[in-house]
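Good morning, and thank you for coming. Please take a moment to look at the model before I begin.

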Amino acid sequence: MDENKQQNQVIIEDTDITFEKIINDLNMPEGLAESIESANILLLPNKYDLFDEIAFPEGTIEFFDFIRESPDKDTQVEILADDETFQLLQLHSSAVELAQIIVLSGVLPIALGLITNYMYDLLKKRNQNDVDVKVDIICEDKKGNKRLKYRGPVSGLKAAFDEFNRVVESNILDDNK
Amino acid sequence: MTINEMEHYLSECRIKLDRSVNDEIIRALKDAVTRSNEEEANYLWCLSTIFHIQEAYVEAFQNLQSKNYEEAWNLLDKTDCMLRTLYSQSEVNTSIFANKYHLEFIATMIPRYQKVFPYKYFLSRGAVIKEMHCSICGQSIKIRNRCKHKIGHLYMGRLCQRIITKMDIKEVSLVTNPTDKYAIAHIKGQEYNYSALELLMSKVASPYTEWDVVIST
């Protein structure tokens, strides 16, 4: 599955996916309910239909540690997995796929900043100038939920995130009128 | 051999590396571990890695000269992997290494050589990793219960890696830009055309000769 050198793709859409729906639909890891339900940034496993597997993309442990160790006190980061169910999918593509994330709108700017920092940190470690990345982020807000699907180079992330932030903010403002 | 002498040895552009120098580095590393001097042990790990980078790069060039193209390709990939590993650890400041040990030059030249190879398609596996262990302490790596060792970091002169002990291979794909460049696709009954590499190698005298290539359509 070659996902490299793909066209820069930005999709921002409405979604009915919420924290509650995810938690109800999937098997909640035993003993983790309280921690996961109180999260405002939650990493989700991806469903790989081709392999009939639910797994996290390679690098998720490092990504989870990176955002969890963020000094920001407003973030409560969790991952929808326990030790028994957690597994990684290794695609051996040079592109980077991040685990799907759902965040509450109050911490969206922080979450986007953490993703950006993680990617630039990764580029630095790899001694690369750019790499293709796949990001899928859902922002939950009581006024409506938005989803960003981005596939393209890291260098295009900032513009995509700025646009997503703008759409989420205008959605909240519109509903306030 | 002192650390200064090791540094001096690695700072010169050599077309053949003396493995006894790396033996000296490893001996000094073990000595640093015995003295619990982690900073020195980690630094010596870097020097040993630099030795292997230079050695693999020079061997790749020699294999190109000998027309062992696939071996040369694999050695260039190995060199690239070791360079990334060296730069990804954060215990030792590698910024001074780039020019002092010609690593920037090597990093620049690897993709230039790779560009001249005829390999365009590779095999890439998709696999689900079910079980892995820490290379430092051997503990099983779980998402919630893990040792404190972090992948890519140095601990007393040893690099933390993941040892995969259980995985399911799900598929093999044909790709053009793989992580593992060694998995070259071969078509039965057909040989790759290495004429561009032959022409290049007739012009380049040393692995430390700089050149560039422009591919026009």
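I shall speak about a sheet, the nonpolar cores and the two domains of one chain.

This is a predicted model, in which local features need pLDDT of at least 70 and side-chain atom pairs count only at pLDDT 80 or more, while totals for chains, interfaces and linings use all residues. Residues are numbered from 1 along each chain as its sequence is written, and chains are lettered from A and ligands numbered from 1 in the order in which they are written.

I begin with the sheet. Five strands form an open sheet with mixed pairing, in the order S3(A)-S4(A)-S6(A)-S1(B)-S4(B). Strands here are DSSP runs of E, at least two residues long, and helices are runs of H or I, at least four, numbered from the N terminus; two strands pair if DSSP finds at least two bridges between them. S6 of chain A (88–90) and S1 of chain B (122–134) pair in the antiparallel sense over three bridges. There, A:Leu88 has B:Ile129 as its bridge partner.

Next, the domains, whose bounds come from an automatic or database assignment. In chain B, domain 1 covers 3–122 + 188–201 and domain 2 covers 125–175. Their C-alpha centres lie 24 Å apart. Domain 1 of chain B brings 16 residues to the contact and domain 2 of chain B brings eight, where contact requires C-beta atoms, placed from the backbone, within 7 Å. On the domain 1 side, helices H2 (19–34), H3 (38–65) and H4 (69–88) of chain B each give two or more residues, and H3(B) gives the most, with five.

Technical notes:
Two residues are in contact if their C-beta atoms, placed from the backbone, lie within 7 Å.
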